[in-house]
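Grab a pencil and open the viewer. Here are some short exercises, each with a worked solution to check yourself against.

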Amino acid sequence: MLDHDVIIIGAGFAGLYQLYRLRQAGFDARVIEAGDDVGGTWYWNRYPGARCDIESVEYSYSFDPELEQEWDWSERYAAQPEILAYAQHVAQRYDLRKDITFSTRVEKLDWDEDATRWTVTTDDGQSRTAAHVIAATGCLSKPSRPRFEGIDDFAGLVYWTSNWPHEGVDLAGKKVAVIGTGSSGLQTITAIAPIVGELTVFQRTPSFAVPAHNGPNERLARVRPHYQAYREASRMTRLGFQCDDGTGFLAETDPAEAAAELSRRWDIGGLCYNSGFRDILTDANANEVAAEYVRSRIREKVEDPELAEKLSPRTYPIASKRMCVDTGYFEVYNQDNVSLVDINEEPIHRITSTGIVAGGIERECDVIIMATGFDAMTGALGAMEIRNGDRTLRQKWAHGPRTYLGLMSEGFPNLFTITGPQSPSVLSNMMTSIEYHVDWITGALKHLREQGLNRMEAALDAEDNWVNTTNDAADLTLMPQAASWYMGANIPGKQRVFMPFTGGVGTYKQICDGIAVAHYHGFELS
Ligand code: NA7
């Protein structure tokens, strides 16, 4: 006797929607969630200035037209509190919490081949069984916590953007240090600069950032009357949101025209900056033109030319790391109370009781904010012991993840991953990718039930082919050139392999749809 048909791990947007869909399809599903409420990423990342880099018109569920019509997004780019409120609203509206076990972390998954079931063990010592497990564990959910020497000696407060306290943080007038200048760092720095006493930013790699031009959400009213058709179109795009992709090549475009197009997109704002030409991610010269345009705008914003240069990315192609969408980040450095430490020139030696020593100089601070990112894509899966006999997923993936379509991994039957490695996930609008995977997985489980089957596993040759396809697709781009978290390069000792599928959301959907129609070709069903 099984405890559940399906156990879903995580109650972020993926887990919530998966629960909704399975319940609707008549499965008994239970969600296990480490936090004490829903929201996933948006539950944990409550740091000042936390905001989505995808427009709220696109970053929302599409599965229920009524939900679409009733929820108002106040800003073009929604801030964390509003997105968390939306997740809570969805949980409430569909009465999802009753099937969620909160404040409980999954530690172990054990496959029993004879019984065709998983045993899921949690940190409260309990075990539950289910025929299927769906990991809705997120791509950026296992924080990377570098151990800076002396951190335990620090007498002030240390906050992690990825696990920000729910209340009680007061930075007003304080001397604050921020380590890390990815999206989380940029957003935090921009939000706190006006209120702190002094701000010292420790930068290892500068980020390419395009302006958000955030403001009231004027698009929502225009899209709403035909929202479902709009969503349908988004699902077939490269990025899972609409960018008015250009069809020409920058390398073949007259320089003045190219500059005008980059400028037009800069003025619109957001991640579509790179979508004006087809070759920005494949041609180094085209990429450099787009990159240099951003640097020229940084030089305009930052008064001190030396500082502008330090803030200008030069060591990797633009968009080979996820770009940041900023709301006045660079201008912050014109403030007298803000300073930048380039840790390539002045490496961090240690943290003392009173500050951070870099390049032989101690910068005093009352608070250190760590915005150092995540063990992306595989981190949350690797944190659990996922075992089938003497094989573990951790061992299998020691040299990089191996999946079929980012959905399943050979040797681990009946275990699905939503937005897993080798799917487009982190290169896309996560909402589009989540909904697609949930619908596909739900379809597969319904198919098994209809056929009287209870076991599904990726075939080894199909998996090998997909790993090769993913690698080949990545190698057609400039993306593997950056030491990015897409490559696992931010985690010491992690195998460097490009993890997401670069072929685009629409193409990926066509592939996976086709495989489902072809009786789940490449999967073994029994
Ligand atoms: P990111 O983008 O991984 O940024 C982390 C930042 O922290 C980045 O600047 C890192 O430099 C820096 N970092 C990491 N480890 C260290 C150490 N040991 N010393 C100094 N600096 C360090 O994470 P975010 O949370 O900002 O954003 C993640 C995603 O969330 C983002 O892409 C959006 O999709 C939303 P590095 O670049 O590795 O040299």
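**Exercise 1. Overall build**

How many helices and strands does the protein have?

Solution. Keep in mind that you're looking at a predicted model. Start with the count: there are 15 helices and 21 strands in the protein. Next, the spread of the chain: the radius of gyration is 23 Å, close to the 24 Å from the globule rule for 526 residues, so the protein is as compact as a globular protein of that length. Along the principal axes, the C-alpha atoms fill a box of roughly 70 × 55 × 45 Å. Last, the inside: 48% of the 526 residues count as buried. Of the contacts between residues at least 6 apart in sequence, 71% join residues at least 24 apart.

**Exercise 2. The two domains**

Work out how the protein is divided and what domain 1 shows to domain 2.

Solution. First, the bounds: domain 1 covers 2-38 + 96-142 + 375-520, and domain 2 covers 151-370. Then the spacing: their centres, taken over C-alpha atoms, are separated by 30 Å. Now the touching sides: 17 residues of domain 1 are in contact with 16 residues of domain 2. On the domain 1 side, the elements giving two or more residues are α13 (430-450) and α15 (505-517). Sorted by class, that side of domain 1 has seven nonpolar, nine polar and one charged residues.

**Exercise 3. The ligand shell**

Where does the ligand shell lie relative to the two domains?

Solution. Begin with the residues that come nearest to the ligand: of the 19 around it, these are G180, G182, S184, T205 and G373. Helix α5 (residues 183-192) gives the most to the shell, with three residues. By class, the shell has six nonpolar, ten polar and three charged residues. Finally, domain 1 and domain 2 both give residues to the shell, so it lies between them.

**Exercise 4. The largest nonpolar core**

Which residues have the most contacts inside the largest nonpolar core?

Solution. Recall the background first: in soluble globular proteins, nonpolar side chains tend to be buried together. Here, the largest nonpolar core has 150 residues, and those with the most contacts inside it are L16, A87, V133, V176 and V178. This core draws at least three residues from each of domain 1 and domain 2. Zoom in on A87: leaving aside its neighbours within four places in sequence, A87 is in contact with F13, L16, V38, G39 and W42.

**Exercise 5. Three loop residues**

Is D244 buried or exposed? Put the same question to Q422 and to Y333.

Solution. Take D244 first. D244 sits in the loop between α7 (227-235) and α8 (255-268). With 10 other C-beta atoms within 10 Å, D244 is exposed, because the cut-off for exposed is 12 or fewer.

Q422 lies in the loop between β19 (415-417) and α13. With 30 other C-beta atoms within 10 Å, Q422 is buried, because 20 or more is enough.

Check the backbone too. Most residues other than glycine have a negative phi. Phi of D244 is positive, near 50 degrees, and phi of Q422 is positive, near 75 degrees.

Y333 is found in the loop between β11 (324-326) and β12 (338-342). Y333 is buried, with 22 other C-beta atoms within 10 Å. Leaving aside its neighbours within four places in sequence, Y333 is in contact with V302, L307, L311, V338 and L340.

Terms used: Residues are numbered from 1 along each chain as its sequence is written. This is a predicted model: local features need pLDDT of at least 70, side-chain atom pairs count only at pLDDT 80 or more; totals for chains, interfaces and linings use all residues. Helices (H or I, at least four residues) and strands (E, at least two) are DSSP runs, numbered from the N terminus. The radius of gyration is taken over C-alpha atoms; the globule rule is 2.2 Å times the number of residues to the power 0.38. Two residues are in contact if their C-beta atoms, placed from the backbone, lie within 7 Å. A residue is near a molecule or strand if its C-beta atom, placed from the backbone, lies within 6 Å of it. Ala, Val, Leu, Ile, Met, Phe, Trp, Tyr, Cys and Pro count as nonpolar, Asp, Glu, Lys and Arg as charged, and the others, Gly among them, as polar. Domain bounds come from an automatic or database domain assignment. A nonpolar core is a set of buried Ala, Val, Leu, Ile, Met, Phe, Trp, Tyr and Cys residues joined through C-beta atoms within 7 Å.
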